[in-house]
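Reader: I'm new to this structure and would love a close look at one part of it. Could you pick a pair of packed helices and walk me through how they meet?

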Amino acid sequence: MRYGAGVPPSPVELDRIDKQIVAILQADGRRSYVAIAKQVGVSEGTARSRVHRLTDSGLLQVVGIADPLRLGFGTMAMIGIRTAPGRTGDVCRALVAIPETSYVVTSTGRFDVFAEIVCRDLDSLGALLTQRIQTIDGVTSAESFVLLEIHKLAYGWGVGEVDLPPEV
(Lines give C-alpha, C1' and ligand atoms only; values in the text may rest on other atoms or scores of the structure.)
Protein backbone atom coordinates (compact mmCIF):
# COMPACT_ATOMS: atom_id res chain seq x y z
CA MET A 1 0.00 0.00 0.00
CA ARG A 2 1.69 3.16 -1.14
CA TYR A 3 -0.24 6.34 -0.55
CA GLY A 4 1.59 8.73 -2.91
CA ALA A 5 2.55 12.08 -1.42
CA GLY A 6 1.42 10.92 2.03
CA VAL A 7 -2.25 11.07 1.09
CA PRO A 8 -4.25 7.89 1.65
CA PRO A 9 -6.52 6.74 -1.15
CA SER A 10 -10.19 7.65 -1.00
CA PRO A 11 -12.24 5.23 1.06
CA VAL A 12 -14.13 2.65 -0.95
CA GLU A 13 -17.86 2.45 -0.40
CA LEU A 14 -18.85 -1.09 0.56
CA ASP A 15 -22.39 -2.37 0.74
CA ARG A 16 -23.63 -4.71 3.48
CA ILE A 17 -22.68 -7.86 1.55
CA ASP A 18 -19.15 -6.61 0.77
CA LYS A 19 -18.65 -5.77 4.46
CA GLN A 20 -19.87 -9.20 5.50
CA ILE A 21 -17.55 -10.90 3.02
CA VAL A 22 -14.55 -8.87 4.24
CA ALA A 23 -15.39 -9.65 7.88
CA ILE A 24 -15.71 -13.38 7.12
CA LEU A 25 -12.36 -13.46 5.31
CA GLN A 26 -10.67 -11.47 8.07
CA ALA A 27 -11.79 -14.13 10.54
CA ASP A 28 -10.94 -17.07 8.24
CA GLY A 29 -9.19 -16.38 4.94
CA ARG A 30 -9.63 -20.03 3.91
CA ARG A 31 -13.43 -19.96 3.83
CA SER A 32 -14.74 -21.34 0.56
CA TYR A 33 -16.89 -19.32 -1.81
CA VAL A 34 -19.71 -21.79 -1.14
CA ALA A 35 -19.51 -21.23 2.64
CA ILE A 36 -19.30 -17.44 2.22
CA ALA A 37 -22.25 -17.45 -0.17
CA LYS A 38 -24.41 -19.52 2.17
CA GLN A 39 -23.59 -17.33 5.15
CA VAL A 40 -24.36 -14.01 3.46
CA GLY A 41 -27.27 -15.30 1.38
CA VAL A 42 -25.93 -14.91 -2.16
CA SER A 43 -24.97 -17.32 -4.91
CA GLU A 44 -21.50 -18.85 -5.05
CA GLY A 45 -20.82 -16.90 -8.28
CA THR A 46 -21.77 -13.63 -6.59
CA ALA A 47 -19.50 -14.38 -3.62
CA ARG A 48 -16.63 -15.29 -5.96
CA SER A 49 -17.04 -12.18 -8.14
CA ARG A 50 -17.26 -9.89 -5.12
CA VAL A 51 -14.11 -11.37 -3.55
CA HIS A 52 -12.29 -10.99 -6.89
CA ARG A 53 -13.49 -7.38 -7.22
CA LEU A 54 -12.34 -6.58 -3.68
CA THR A 55 -8.92 -8.16 -4.21
CA ASP A 56 -8.44 -6.75 -7.73
CA SER A 57 -9.18 -3.26 -6.38
CA GLY A 58 -6.44 -3.63 -3.76
CA LEU A 59 -8.92 -3.23 -0.92
CA LEU A 60 -8.64 -6.84 0.23
CA GLN A 61 -5.64 -9.13 0.40
CA VAL A 62 -6.00 -12.70 1.62
CA VAL A 63 -2.68 -14.15 2.84
CA GLY A 64 -1.35 -16.81 5.15
CA ILE A 65 0.51 -15.39 8.14
CA ALA A 66 3.18 -17.60 9.66
CA ASP A 67 4.39 -17.31 13.25
CA PRO A 68 8.05 -16.26 12.88
CA LEU A 69 9.00 -17.74 16.25
CA ARG A 70 7.78 -21.19 15.20
CA LEU A 71 9.82 -20.86 12.00
CA GLY A 72 13.02 -20.30 13.98
CA PHE A 73 13.14 -16.51 13.80
CA GLY A 74 13.72 -15.63 17.45
CA THR A 75 14.44 -11.92 17.16
CA MET A 76 12.14 -9.18 15.99
CA ALA A 77 12.96 -5.49 16.10
CA MET A 78 11.55 -2.17 15.02
CA ILE A 79 14.22 0.06 13.52
CA GLY A 80 13.80 3.83 13.62
CA ILE A 81 15.75 5.40 10.75
CA ARG A 82 16.67 8.98 9.99
CA THR A 83 17.42 9.86 6.39
CA ALA A 84 19.26 12.60 4.58
CA PRO A 85 16.96 15.27 3.13
CA GLY A 86 15.28 14.06 -0.05
CA ARG A 87 16.48 10.46 0.39
CA THR A 88 13.55 8.89 2.26
CA GLY A 89 12.06 7.23 -0.84
CA ASP A 90 15.42 5.76 -1.86
CA VAL A 91 15.99 4.42 1.65
CA CYS A 92 12.52 2.85 1.74
CA ARG A 93 13.08 1.13 -1.61
CA ALA A 94 16.37 -0.30 -0.32
CA LEU A 95 14.72 -1.50 2.91
CA VAL A 96 11.84 -3.14 1.04
CA ALA A 97 14.41 -5.17 -0.93
CA ILE A 98 15.85 -6.67 2.28
CA PRO A 99 14.18 -10.06 2.88
CA GLU A 100 14.22 -9.67 6.68
CA THR A 101 11.96 -6.58 6.58
CA SER A 102 8.29 -7.29 7.14
CA TYR A 103 7.06 -3.71 7.41
CA VAL A 104 8.47 -0.43 6.08
CA VAL A 105 6.71 2.90 6.63
CA THR A 106 7.54 6.58 6.48
CA SER A 107 6.51 8.61 9.50
CA THR A 108 6.55 11.95 11.21
CA GLY A 109 8.46 12.72 14.37
CA ARG A 110 11.96 11.77 15.39
CA PHE A 111 12.37 9.10 12.69
CA ASP A 112 11.68 9.38 8.98
CA VAL A 113 11.22 5.63 8.50
CA PHE A 114 10.35 2.62 10.60
CA ALA A 115 11.20 -0.90 9.51
CA GLU A 116 10.18 -4.08 11.28
CA ILE A 117 12.86 -6.74 11.05
CA VAL A 118 12.59 -10.47 11.67
CA CYS A 119 15.91 -12.31 12.23
CA ARG A 120 17.08 -15.69 13.48
CA ASP A 121 18.96 -14.23 16.49
CA LEU A 122 20.69 -11.14 17.91
CA ASP A 123 23.86 -11.81 15.93
CA SER A 124 21.86 -11.76 12.70
CA LEU A 125 20.14 -8.56 13.78
CA GLY A 126 23.49 -6.92 14.59
CA ALA A 127 24.94 -7.88 11.21
CA LEU A 128 21.82 -6.67 9.40
CA LEU A 129 21.95 -3.32 11.16
CA THR A 130 25.65 -2.63 10.79
CA GLN A 131 26.40 -4.19 7.42
CA ARG A 132 23.20 -3.62 5.47
CA ILE A 133 20.88 -0.98 6.96
CA GLN A 134 23.41 1.56 8.24
CA THR A 135 25.30 1.36 4.94
CA ILE A 136 22.27 2.24 2.79
CA ASP A 137 23.02 5.47 0.95
CA GLY A 138 20.86 8.16 2.56
CA VAL A 139 20.63 6.62 6.05
CA THR A 140 22.04 9.06 8.60
CA SER A 141 21.19 7.03 11.73
CA ALA A 142 19.33 3.92 12.80
CA GLU A 143 18.09 2.99 16.26
CA SER A 144 16.85 -0.51 17.04
CA PHE A 145 14.06 -1.47 19.41
CA VAL A 146 14.07 -5.23 20.05
CA LEU A 147 10.53 -6.55 20.42
CA LEU A 148 10.29 -8.69 23.53
CA GLU A 149 6.70 -9.86 23.35
CA ILE A 150 3.76 -9.33 21.01
CA HIS A 151 0.58 -8.57 22.94
CA LYS A 152 -1.66 -7.89 19.95
CA LEU A 153 -1.31 -8.54 16.26
CA ALA A 154 -4.53 -7.73 14.45
CA TYR A 155 -5.60 -7.41 10.87
CA GLY A 156 -9.35 -7.10 11.38
CA TRP A 157 -9.91 -3.41 10.81
CA GLY A 158 -11.87 -1.63 8.19
CA VAL A 159 -15.49 -2.66 8.00
CA GLY A 160 -16.80 -1.41 11.32
CA GLU A 161 -19.72 -3.12 13.00
CA VAL A 162 -20.97 -5.95 10.81
CA ASP A 163 -23.92 -8.17 11.57
CA LEU A 164 -22.99 -11.59 10.28
CA PRO A 165 -25.68 -14.15 9.80
CA PRO A 166 -24.90 -17.42 11.61
CA GLU A 167 -22.81 -19.93 9.69
CA VAL A 168 -24.93 -22.36 7.70
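Author: Here is a walk from the whole chain down to one helix pair and one of its residues.

Please keep in mind that this is a predicted model. The protein chain has five helices and four strands, and along the sequence they follow the pattern α-α-α-β-α-β-β-α-β. Of the 168 residues in the chain, 29% are buried. Among contacts between residues at least 6 apart in sequence, 68% join residues at least 24 apart.

Now to the pair. Two packed helices are described by the angle between their axes and the distance between the axes. Helix α1 covers residues 16-27 and helix α2 covers residues 33-40; they pack at an angle of about 130°, and their axes are 10 Å apart. That angle makes α1 oblique to α2, and the crossing of α1 past α2 is right-handed.

Which residues do the meeting? From α1 come Ile 17, Gln 20, Ile 21, Ile 24 and Leu 25, while α2 brings Ile 36, Gln 39 and Val 40. The residues of this contact divide into six nonpolar and two polar, with no charged ones.

Helix α1 also holds Asp 18. Its relative accessible area is 3%, so Asp 18 counts as buried, the cut-off being under 20%. Setting aside neighbours within four places in sequence, Asp 18 is in contact with Arg 50, Arg 53 and Leu 54. With Arg 50 there is a polar contact, side chain to side chain, at 2.9 Å.

Definitions and conventions: Residues are numbered from 1 along each chain as its sequence is written. This is a predicted model: local features need pLDDT of at least 70, side-chain atom pairs count only at pLDDT 80 or more; totals for chains, interfaces and linings use all residues. Side-chain values use heavy atoms; hydrogens and water are left out. Axes are lines fitted to C-alpha atoms, for helices over the stretch in contact, and angles run from 0 to 180 degrees between N-to-C directions. Helices (H or I, at least four residues) and strands (E, at least two) are DSSP runs, numbered from the N terminus. Angles under 35 degrees count as roughly parallel, over 145 as roughly antiparallel, 65 to 115 as roughly perpendicular and the rest as oblique. A crossing is left-handed if the near helix is turned anticlockwise from the far one by less than a right angle, and right-handed if clockwise. Contact means heavy atoms within 4.5 Å. Ala, Val, Leu, Ile, Met, Phe, Trp, Tyr, Cys and Pro count as nonpolar, Asp, Glu, Lys and Arg as charged, and the others, Gly among them, as polar. Buried means under 20% relative accessible area, exposed over 50%, partly exposed in between (1.4 Å probe, protein chains only). A polar contact is a pair of N or O atoms within 3.5 Å; within protein, one must be able to donate a hydrogen and the other to accept it, and residues adjacent in sequence count only if both atoms are side-chain atoms.
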